[in-house]
2 protein chains.
Amino acid sequence: MDNKSSSNSFFIEKEIPEFAENIKNLVAGFLANDDINASLSTTELAEKFQFKEIPQCGVSADQFLDELRELILPHSINTGSPYFIGHMTSLLPNFLRPLSELLTTLNQNIVKVETAKAATFYEKQALAMIHKEVFGLSDEYYDECASNPDISLGIITSGGTIANLTALQCARDLSLAQFGNVEEDGVLGALEAGGFKRSVVLGTHLGHYSLVKSLGLLGMGRGNYIEINSDENQGIDLVHLRRELEKCRREKIHVAAIVGIAGTTECGSFDNLEGMAELAEEFSVYFHVDAAWGGALLFSEKHRNCLQGIKQADSITIDGHKQLYLPMGIGLLLFKEAKTAQVISVEADYIIRKNSWDLGRVSIEGSRPAKVFYLQAALKLFGREGYGSLLDSCVATSRQMSELVDSQAEFELVTKPQSNIFLYRYIPEKFRGLEEFSDDVNSEIDDFNIRLQEIQKDKGRTFVSRTKFSHLGTSKAKTVLRVVIANPLTEIEHCREVLQDQIEIAKDLKA
Amino acid sequence: MDNKSSSNSFFIEKEIPEFAENIKNLVAGFLANDDINASLSTTELAEKFQFKEIPQCGVSADQFLDELRELILPHSINTGSPYFIGHMTSLLPNFLRPLSELLTTLNQNIVKVETAKAATFYEKQALAMIHKEVFGLSDEYYDECASNPDISLGIITSGGTIANLTALQCARDLSLAQFGNVEEDGVLGALEAGGFKRSVVLGTHLGHYSLVKSLGLLGMGRGNYIEINSDENQGIDLVHLRRELEKCRREKIHVAAIVGIAGTTECGSFDNLEGMAELAEEFSVYFHVDAAWGGALLFSEKHRNCLQGIKQADSITIDGHKQLYLPMGIGLLLFKEAKTAQVISVEADYIIRKNSWDLGRVSIEGSRPAKVFYLQAALKLFGREGYGSLLDSCVATSRQMSELVDSQAEFELVTKPQSNIFLYRYIPEKFRGLEEFSDDVNSEIDDFNIRLQEIQKDKGRTFVSRTKFSHLGTSKAKTVLRVVIANPLTEIEHCREVLQDQIEIAKDLKA
């Protein structure tokens, strides 16, 4: 009885004031600090998380708060620090924090209108707003969409990976439709009926790993992502793409899709989407654009031109939790034609009924939260111009920093920022001024940069990430440092400090 | 410049006090009301969400708050109302609401330790805690897991659907491994090498639709979900299962997995997991248990026996946002053997590195939020006994209500609650007392119940859901009303009111 009443009290009491007050203080404390995290290696931290059983009786709220305060917060990553310029995760606008409490309170389930009445229409509306931004169809068309449950302009997903997966699923099913019903009968029958040995997707080696992962999931095989070379600007080599498309036709290899990247994860580069769209039309293949990173540039009058041709895509991924500044866990998939999603639609008596408004009919995910509240809030409070100015300022800072890197003897700029990502590396003193670096030297420099990045990370004051990169996707990959300026509060002075930290660390590092 | 400064101010100011205060009031107002939603049909509501463009300049916070207050909240579903007893979405414990603000503040990205340092280990720890609860391995084993980045006891997903999908992906790949590398080369080669025309998954017709959907995604085909009959308790008919397994062997049909259900979505019934485990062993097939709904009964000493045999499963889905009382958007997948997930692992230089702690290596999703905070909080604050007593009380209320239904002439109890879900239907007066219902009469009763449920839903005071149900999965399906008692605050008096509302509505309805 006692236990029942204590666990029940968490439901009976609508508020938990002392706990809420403590959490509020933790939030304020976390936001007040610019350090990235406490100095501790992951190996040391791992030891603090030894196995523990679920307690038989609940612990007190204070005990749990102590755990958060002592064990979790100091070792969480301050993704909002202006010195955290290595990943695509940034500070969020202040209005999203209180809004998340409302979202949890409502606890709507978007799978079905019976568990998410207004939120269903709110999501449809938000998707139409963004669809118009990209594809620019007529207001009459969007009015019709708003009042027709069978039209799906897109889907809100848990992230870009599920969005890309959904797009490639549609591409697979539609492209093979003349040979069989893939959803119903699987890929084997359709491929055999078409006389194909394999079905492939083409994109550059800079495509996000979710594409390759999706091919594994979809039963097409990761090995069937055909890597197209990139050009000197890390965009797709259209000549190579055409050659591979011709080869597929000649050798009777089925092409499910070509994928253009608008803002590569590694260096923020853009494929020539217009050129790809032309080839897609010529070869009658599905054209998906992964604009998870770069899609938000639609809002920038200055930089929108990077996306030239995007409206010819059959589907587009844009991540909410990247440059739309939304909390982790929201991606968008948009379809040029509302009928595309029908190929993957599903129904179930108890949950998503035919002819209903139930959004679960075309989503890979089932039950899902009403993340649309975040999206609607940000679209409305920023407006086009607000988003545009945030993005412009990040791009500008990124250019300034790349110039700073280029001007310092310690560093070699590897790729210039086409948007707000660029690559560089530290050159240890003894190698500076060499005309060319041998493979052995490069591998010493690789090793140096790896150690440099690890130390900077463990120190916890400033942060850039690292990756491997090869020009044109053909030469031997080098380890490089990677800067992502996604935080609107990061200014050139912060960037200077990040570089200064590296120079200091390098002094103690033996090449 | 003006626009830049205004959008920037949402980042510079760490708090937005007036907006936060307003949201707090909206939260309190929503929680204070037991009505489910304002009286309005979806068609009428749809009209309120006509197409609008993204504003050029941002609107004021007040304008957005007005939209929430007037358009969104009155038409959101009060999933926490004690009268909302038709879906698996319930009131949440009070501590999760403030916690969600912390989660949004931290904005950790679990894909990679560099963006989620403590949260990575917190997630591993939570998974081990639940793994022990199910599989009960030794503390030494769990200690080893805690300090070894290459051991994956499970994955936190955005929901049960992605958990089931991941499980079936593992099953597909492992079961075909002797014929080919499915992840790398696709299903075609492996099926051909094994001489198979198809690969199937077996489970009852009461299996969740995510299973069928997963087969479509995985390239195996939705039609390759083989429906096994259920017995008189809506559990799997083991004789039929054995017969189908033998048939597959005989006809050289590849079996990727058998799936047992612990708590069916439609009526809360349980398959005989022990019997299924024996068959899985005898036929050497992968055994997945979808315990999305029923898994939490592990915490109930009274009802744990429903799950007898679950520890012999190769993998288990448990939904966090169902009976673990967590916010929408969290599912769990547990692997009996830590090596299972290796078959789907993936790496990428810039994001999830080999030999790292990066959890993104084995998740279908990429970037994802630190939902583990919710899970850890609830496991610790409730403890086993707290969870147990919440579940016991829901099961008890559900039994009481089913007895009430059974005792009233207006209703026919269709399935008794094995846990906290049951089915019934309203019998219009003119059909009461008939020995048997002809197909024509049943279809009239179907129609009556559909109208009854729609009216009750639109009125917005009380709610049960509806579905179609056939005993044993063989007879003609009838429309039934479905009760899910998931809210610990729902008492028999609330249930009585729900039924009374139906009786009142029925009075005005012509059969």
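Two strands are taken to pair if DSSP finds at least two bridges between them, and helices (H or I, at least four residues) and strands (E, at least two) are DSSP runs, numbered from the N terminus. The model is predicted, so local features need pLDDT of at least 70 and side-chain atom pairs count only at pLDDT 80 or more, while totals for chains, interfaces and linings use all residues. Residues are numbered from 1 along each chain as its sequence is written, with chains lettered from A and ligands numbered from 1 in the order in which they are written.

**Stop 1: strand 2 of chain A**

Select strand 2 (199–204) of chain A, which is joined by 4 bridges to strand 3 (residues 225–228) of chain A, the two running parallel. Within that pairing, Thr204(A) has Ile228(A) of strand 3 as its bridge partner. Following the chain from strand 2 of chain A, one passes through helix 11 (residues 209–217) before arriving at strand 3, in a β-α-β crossover that is right-handed; that is, with the strands pointing away from the viewer, the path from the first strand over the helix to the second runs clockwise. Strand 2 of chain A also pairs with strand 4 of chain A, in the parallel sense and over 4 bridges, and here Leu202(A) stands opposite Ile258(A).

In a regular strand the side chains alternate between the two faces of the sheet. In strand 2 of chain A, Ser199(A), Val201(A) and Gly203(A) point one way, whereas Val200(A), Leu202(A) and Thr204(A) point the other way, and all are buried. A residue is called buried if 20 or more other C-beta atoms lie within 10 Å of its own, exposed if 12 or fewer, and partly exposed in between, with C-beta atoms placed from the backbone.

**Stop 2: helix 10 of chain A**

Move next to helix 10 of chain A, where Val187(A), Leu188(A), Gly189(A), Ala190(A) and Leu191(A) are buried. Their cover includes helix 9 (182–185), strand 2 and strand 4 (254–261) of chain A, together with helix 10 (187–194) of chain B. Gly194(A), also in helix 10 of chain A, is partly exposed because 16 other C-beta atoms lie within 10 Å. Not counting residues up to four places away in sequence, Gly194(A) touches Leu176(A), Phe179(A) and His254(A), where contact requires C-beta atoms, placed from the backbone, to lie within 7 Å. The helix is followed by Gly195(A), whose phi is positive, near 75°.

**Stop 3: helix 5 of chain B**

Now select helix 5 (residues 96–106) of chain B, which is mostly covered, with 11 of its 11 residues buried. What covers them includes helix 2 (17–31) and helix 5 (96–106) of chain A, together with helix 14 of chain B. Just after helix 5 of chain B, Asn107(B) takes a positive phi of about 45°.

**Stop 4: the two chains together**

Finally, display both chains: 146 residues of chain B are in contact with 146 residues of chain A. On the chain B side, helix 14 (residues 372–407) supplies the largest share, 12 residues. Chain B is superposed on chain A by a rotation of 180° with 0.0 Å of shift along its axis (RMSD 0.0 Å), the fit being by least squares on the C-alpha atoms of residues with pLDDT of at least 70 in both. The two copies are therefore related as by a two-fold rotation axis, and the same surface serves both, since 100% of the contact residues of chain B recur in chain A.

How values were computed. Contact = placed C-beta atoms within 7 Å.
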